[in-house]
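Trainee: Could you walk me through how to read a few features of a structure like this one?
Mentor: Gladly, let's bring it up and start.

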Amino acid sequence: MESDWDYAGIILPCMILTGVLTLFELYFIGVGGSLRQKYNAVVVRLLYVAYFILFGFLVSWTQQRFSTLGDATISFNYHPLLMSIAWVFCSTEAALSFRSPGNAKRQKRKLYHATMNFISFGFSISGIVIVFLNHQQKKSNHLSTQHSWIGLATAVCMTVQFLLGYFAFYVSNHQQWKLYVLEFHKFVGAMTYISALFTISLGLFNNYGIKSDSNTYSMDRCVNKTATVILWSIGIRVLAGFFPSEVRVRGISSETSGLLSQ
């Protein structure tokens with residue numbers, strides 16, 4: 001039986017290629033700052049549109065597409081679709097909300113960030129329910145791959161992030177508590193985002209045309225590789241935008257101070 005790790009020889013070169021190309025961009029565009037914000041506002045959104053186009057091709061080449069197959073009453077392909085919408089679109093938009101150009105007030109950015117994370121949470125839960133029902137109806141084993149276990153860990157982190165963020169920034173009025181939670185929220189948020197992209201990458205390679213005995217230059221294999229490169233291109237650029245654009249004073253940036261004052 002093949003393991004997810006059998007595909008590491010494909011995943012790692014994709015990530016290396018993405019990293020090499022992005023190093024040149026990071027050198028010229030930099031991290032944080034207004035130039036990075038303007039760049040990400042356009043390029044990241046073009047990249048996730050390209051990802052969804054390629055994902056559409058991958059699904060269209062499967063036998064069932066979005067129709068039912070066998071004993072399942074709902075297509076498995078809705079699972080990666082909803083997860084991609086949740087993380088590649090919604091969570092990416094949430095991450096960019098504080099790092100996008102424009103004159104929107106911080107309170108509006110904060111609301112947009114929370115709204116997109118809430119929508120992402122809803123799509124993620126729906127995707128988890130769909131794959132559970134699909135496996136249950138087909139009598140397939142649950143949590144039988146690294147993809148599923150890493151996905152479960154990501155779902156737990158996502159839930160903690162969502163509940164902690166809601167309580168700290170919308171329920172609690174304790175400013176010191178918000179300060180402590182903010183740094184944790186940023187770190188765990190970035191970690192969860194990358195974990196989600198890694199889970200999606202494993203899912204793509206498991207289910208959409210990447211087999212160890214397939215033709216190296218087959219169309220589905222090349223499209224899958226390209227989709228993965230685009231996926232990590234998005235992730236790296238979003239992380240580059242996480243860096244503060246203002247100088248910290250006494251350990252607290254004016255940006256953080258502005259957030260706590262809301």
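Trainee: Does histidine 147 count as buried or exposed, and at what relative accessibility?
Mentor: Keep in mind that this is a predicted model. Buried means under 20% relative accessible area. Histidine 147 has 17% relative accessibility, so histidine 147 counts as buried.

Trainee: Where does histidine 147 lie, and what does its side chain reach?
Mentor: Histidine 147 is part of helix α5. Its side chain comes to 3.4 Å from the backbone nitrogen of glycine 203.

Trainee: Why is phenylalanine 167 described as partly exposed?
Mentor: Partly exposed is the class between under 20% and over 50%. The relative accessible area of phenylalanine 167 is 41%, so phenylalanine 167 is partly exposed. Phenylalanine 167 is also found in helix α5.

Trainee: Which residues form the nonpolar patch on the surface?
Mentor: The patch consists of Leu111, Tyr166, Phe167, Tyr170, Val171 and Trp177. Together they have about 610 Å² of accessible area. Helix α5, residues 146-171, gives the most to this patch, with four residues.

Trainee: What about confidence: which elements have the lowest and the highest mean pLDDT?
Mentor: Begin with the whole chain, which averages a pLDDT of 81, with 82% of the residues scoring at least 70. Among the elements, helix α3 (residues 78-96) has the highest mean, 95, and strand β1 (residues 248-249) the lowest, 36. The pLDDT is below 50 over residues 246-262, and this stretch has 29 contacts in the model beyond near neighbours in sequence.

Conventions: Residues are numbered from 1 along each chain as its sequence is written. This is a predicted model: local features need pLDDT of at least 70, side-chain atom pairs count only at pLDDT 80 or more; totals for chains, interfaces and linings use all residues. Side-chain values use heavy atoms; hydrogens and water are left out. pLDDT is the predictor's confidence in each residue, from 0 to 100. Helices (H or I, at least four residues) and strands (E, at least two) are DSSP runs, numbered from the N terminus. Contact means heavy atoms within 4.5 Å. Patches are made of residues with over 30% relative accessible area and no salt bridge: like charges are joined within 9 Å, nonpolar side chains (Val, Leu, Ile, Met, Phe, Trp, Tyr) within 5 Å. Accessible areas come from the Shrake-Rupley method with a 1.4 Å probe; for residues, only the protein chains shown count as cover. A salt bridge is a side-chain nitrogen of Lys or Arg within 4 Å of a carboxyl oxygen of Asp or Glu. Buried means under 20% relative accessible area, exposed over 50%, partly exposed in between (1.4 Å probe, protein chains only). A polar contact is a pair of N or O atoms within 3.5 Å; within protein, one must be able to donate a hydrogen and the other to accept it, and residues adjacent in sequence count only if both atoms are side-chain atoms.
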